[in-house]
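Here is a friendly walk through one protein model, from its helix pairs to a handful of individual residues. Have the fold open beside you as you read.

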Amino acid sequence: MSFTSFHLAKSILSQVEVLKYTHPTPIQRRAIPIVLQGKDVMGLAQTGTGKTAAFVLPILQQLLQGPRNTIRALIIAPTRELVEQTNAFITIFGKQTGLRSLAVYGGINSYNQIKTLRKGVEIVVACPGRMIDHLQHHVIDLKHLEILVLDEADRMFDMGFLPDIKKILHFIPAKRQTLLFSATMPESIQKLAYSVLRDPCLIEIEYTTPLKSITHFLFPVEQHLKTSLLLKILENTASGPILIFTRTKHRAKNLGENLKRNGFSAIALQGNLSQNKRKAALNGFRDGSFQILVATDIAARGIDVSNITHVINYDIPDTPDAYTHRTGRTGRAGNKGEAFTFVTQDDLKIVHTLERHVGVELKCRTVNNFNYNAERKPDTNRYSRGYQTQSRRKKRVKAS
Ligand code: AMP
């Protein structure tokens, strides 16, 4: 199947060719025809499956006909990075359509956003908070909205955006097409879906399992040895782009600085940075100026770098969903990836939860010539035995 079978306008199809997409991904194959028919969609798919183009392409096609200078499509997403990324896709795919879009989010001055809105746009991609500000100040008018997209709904729910979304819905006509995308389907999202969608088509793309192109390894380690273990792994790891996750902003900042001191080309991306610095960090990672990006979870959703070779969980994520989202940054667009997760004694409970939910074997690995007994002299043999007896499945401890 090729993109021509969707009968998209030439102006859109030519831009698909610019991005060198030859075949639609499974979610694109299923979602594009349904969205083109004007039906509501409940899409269960993670980032990395081609979900953005699955809604952007048919939306552009639908907006080709009809009025200009009025907002006709609104895409709401949880993070600034994801908003920027989706807006960038719209700009590329819509380049020859004359349709204009704007990214709306907080943390930057509203002046330019308001100026662009006054000039007229047909599509807005927004984070909920700044969107509400604009609505309350009557800067944005959604009376003529035709299509609403709620992207990464589960994440928006986790981040406490549900009340904001409900407020935004008051400003939107009830007669509209709604597309809701979520990587998981907890009860909260089912309720939201029930209240915003009308007779939706359900499209489900491997939403609970991580991508098959990723191999997963656990690295048992004492908390105080994490940084030296990481340095050792980085020394032995091929030089592709590497994304490292920490639990807190503070840890991301410190680890980034530590890696730099040790001669690695690293940068930290965390919520305390100004919007410009966040952008610079992400762009620097994307264009290869930095090989390593150290990030907090907030970055997991917005990073679209197709050739990341390794994701390293310096701190284990709290939930299986977070694990899936983090590790889904590698093994994308036909590439293979490796996901390494550091585990301490305290993490064993979450490891079992991850294995149950993630559905893949998390093999243990140790690093040759690494002194697991350094400083506080932790007994790694005892640790490994303890881990094995607690594990429901027998683990193979592999020497790397
Ligand atoms: P997404 O899930 O929308 O974040 O997309 C993940 C990555 O896959 C992005 O880098 C897209 O450019 C890429 N992508 C999306 N659709 C296709 C396609 N049909 N062929 C090749 N790459 C694609």
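Helix axes here are lines fitted to C-alpha atoms, for helices over the stretch in contact, and angles run from 0 to 180 degrees between N-to-C directions. Helices (H or I, at least four residues) and strands (E, at least two) are DSSP runs, numbered from the N terminus. The model is predicted, so to read it fairly: local features need pLDDT of at least 70, side-chain atom pairs count only at pLDDT 80 or more, and totals for chains, interfaces and linings use all residues. Residues are numbered from 1 along each chain as its sequence is written, and side-chain values use heavy atoms, with hydrogens and water left out.

**The whole chain**

The protein's secondary structure comes to 15 helices and 15 strands. Of its 400 residues, 55% count as buried, where buried means under 20% relative accessible area, exposed means over 50%, and partly exposed lies in between (1.4 Å probe, protein chains only). Contact means heavy atoms within 4.5 Å. Among contacts between residues at least 6 apart in sequence, 76% join residues at least 24 apart.

**Two helix pairs**

Two packed helices are described by the angle between their axes and the distance between the axes. Take helix α1 (residues 10-18) and helix α3 (residues 51-64): their axes come within 10 Å and cross at roughly 155°. The pair is therefore roughly antiparallel, on a scale where angles under 35 degrees count as roughly parallel, over 145 as roughly antiparallel, 65 to 115 as roughly perpendicular and the rest as oblique. α1 passes α3 in a right-handed crossing; a crossing is right-handed if the near helix is turned clockwise from the far one by less than a right angle, and left-handed if anticlockwise. S11, I12 and V16 of α1 make the contact with L57, L60, Q61 and L64 of α3. By class, this contact has five nonpolar residues, two polar and no charged. Here Ala, Val, Leu, Ile, Met, Phe, Trp, Tyr, Cys and Pro count as nonpolar, Asp, Glu, Lys and Arg as charged, and the others, Gly among them, as polar.

F93, in helix α4 (residues 80-93), touches residues of both these helices: beyond its neighbours within four places in sequence, its contacts include S11, I12, V16, L57 and L60. F93 counts as buried, at 0% relative accessibility. Its C-alpha atom is separated by 7.9 Å from that of V56, 37 residues apart along the chain.

The second pair is α10 (residues 226-236) and α11 (249-261). Their axes are 12 Å apart and the helices pack at an angle of about 50°, so α10 and α11 are oblique to each other. Here too α10 passes α11 in a right-handed crossing. On the α10 side, K226, T227, L230, L231 and L234 meet R251, L255, N258 and L259 of α11. That contact has five nonpolar, two polar and two charged residues. The buried residues of α10 also pack against strands, including β8 (214-220), β9 (242-245) and β12.

**Two buried polar side chains**

N313 sits in strand β12 (residues 310-313) and is buried, with a relative accessible area of 0%. Its side chain makes a polar contact of 3.0 Å with the side chain of R326; a polar contact is a pair of N or O atoms within 3.5 Å, where within protein one must be able to donate a hydrogen and the other to accept it, and residues adjacent in sequence count only if both atoms are side-chain atoms. The C-alpha atoms of N313 and F340, 27 residues apart along the chain, are separated by 6.1 Å.

Q177 lies in strand β6 (residues 177-182) and counts as buried at 6% relative accessibility. Its side chain has a polar contact of 2.9 Å with that of Q62. Beyond residues up to four places away in sequence, Q177 touches I34, V35 and G38, among others.

**Two loop residues with positive phi**

Most residues other than glycine have a negative phi, and most peptide bonds are trans. Which residues depart from the phi pattern here, with values of about 55° and about 60°?

| Residue | Phi | Loop | Relative accessible area |
|---|---|---|---|
| H138 | about 55° | between α6 and β5 (147-150) | 69%, exposed |
| N369 | about 60° | between β14 (363-366) and α15 (380-390) | 73%, exposed |

H138 follows helix α6, and in α6 (residues 128-136) the buried residues are P128, R130, M131, I132, H134 and L135.
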